[in-house]
Amino acid sequence: QVQLVESGGGSVQAGGSLRLSCATSGYRYSSVCVGWFRQAPGKEREGVAAIYTGGGNTYYADSVKGRFTISQDNAKDTVYLQMNSLKPEDTDMYYCAAARSVCRYGLGTLFDYWGQGTQVTVSS
C-alpha cells in the first residue's frame, strides 16, 4: 500500500521559513517523480516543485523559484520542501504526490499517489 505522509506545516510570519517533509512507503522510491502541490478552497491546484529521485533533477514553479528548495533523503525515502522568504500568498494546503514514472513533464507529470496535506499559513 502506497503511503505519502506530509508534515512540517504551520503558521509563520511573512519572511519566515518552514520545511515540509514527505515520508513515502509502499512503492519503488528510487527512480520516480515526487512533487509538492498546493491548493486553497475554491482555487486551482498549483504545482510547486518536483524532483526525480533517480537523478536529482528538480523543477519549480516560477512563483517559488529562488525561495523554495526541494531535496531528498534516499536513506529515508523522504522528500523535503524548504520554504524561505514566505509570503502571505504562499498560504495554502500543501500536498505531496508521487508518480510511477520519471518527471517526464516536470510539474505536469501525471502523479498517481497523493498525501493528505499539511497546512501552511503565512501572516503579514
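**Entry 1: aspartate 92**

I began with aspartate 92 in this predicted model, and asked whether aspartate 92 counts as buried or exposed. Its relative accessibility is 3%, and because buried means under 20%, aspartate 92 counts as buried. I then placed aspartate 92 in the chain and found it in strand 9, which covers residues 92-98.

Next I looked up what surrounds this side chain. A polar atom of the aspartate 92 side chain lies 2.9 Å from the backbone nitrogen of alanine 40. Setting aside neighbours within four places in sequence, I noted that aspartate 92 is in contact with Arg38, Gln39, Ala40 and Lys43, and also with Thr118, Gln119 and Val120.

**Entry 2: strand 8 and its partners**

I turned to strand 8, residues 78-83, and found five of its six residues buried. Which strands pair with strand 8? Strand 3 (residues 18-25) pairs with strand 8 in the antiparallel sense over six bridges, and strand 7 (residues 68-73) is also antiparallel to strand 8, again with six bridges.

To follow the pairing residue by residue, I checked one position for each partner. Leucine 20 stands opposite leucine 81 of strand 8, while threonine 69 has glutamine 82 in strand 8 as its bridge partner. I also looked at the connection between strand 7 and strand 8, which form a hairpin with four residues between them; in that turn, aspartate 77 has a positive phi of about 50°.

**Entry 3: the nonpolar cores**

Leucine 81 led me to the largest nonpolar core, which has 26 residues. Which of these touch the most other members? They are Val34, Trp36, Val48, Phe68, Leu81, Met83 and Tyr94. I then asked where the core residues come from, and found that strand 3, strand 4 (33-39), strand 5 (46-52), strand 7, strand 8, strand 9 and strand 11 (118-123) each supply at least two of them.

For leucine 81 itself I listed contacts beyond four places in sequence, and the list includes Trp36, Val48, Phe68 and Tyr94, together with Leu18, Arg19, Leu20, Ala49, Thr69 and Ile70. I noted as well a second, separate core of eight residues, with Phe37, Tyr52, Ala97 and Cys103 among them.

**Entry 4: the disulfides**

How many disulfides does the count give? The count comes to two.

One disulfide joins cysteine 22 to cysteine 96, with an S to S distance of 1.9 Å. This pair links distant parts of the chain, since cysteine 22 is in strand 3 and cysteine 96 in strand 9, 74 residues apart. The link is left-handed, with -75° about the S-S bond. I looked up the accessibility of both ends: cysteine 22 is buried at a relative accessible area of 0%, and cysteine 96 is buried at 0% too.

Cysteine 33 and cysteine 103 form a disulfide with their sulfur atoms 2.0 Å apart. Here, too, distant parts of the chain are linked: cysteine 33 lies in strand 4, cysteine 103 in the loop between strand 9 and strand 10 (113-114), and 70 residues separate them. Why is this disulfide of cysteine 33 and cysteine 103 right-handed? The torsion about its S-S bond is about 100°, so the disulfide is right-handed. I found both cysteine 33 and cysteine 103 buried.

Finally I numbered the bonded cysteines of the protein chain in sequence order, and recorded the pairing as 1-3, 2-4.

Note on methods
Residues are numbered from 1 along each chain as its sequence is written. This is a predicted model: local features need pLDDT of at least 70, side-chain atom pairs count only at pLDDT 80 or more; totals for chains, interfaces and linings use all residues. Side-chain values use heavy atoms; hydrogens and water are left out. Helices (H or I, at least four residues) and strands (E, at least two) are DSSP runs, numbered from the N terminus. Buried means under 20% relative accessible area, exposed over 50%, partly exposed in between (1.4 Å probe, protein chains only). A polar contact is a pair of N or O atoms within 3.5 Å; within protein, one must be able to donate a hydrogen and the other to accept it, and residues adjacent in sequence count only if both atoms are side-chain atoms. Contact means heavy atoms within 4.5 Å. Two strands pair if DSSP finds at least two bridges between them. A nonpolar core is a set of buried Ala, Val, Leu, Ile, Met, Phe, Trp, Tyr and Cys residues joined through side-chain atoms within 4.5 Å. A disulfide is a pair of cysteine sulfur atoms within 2.5 Å.
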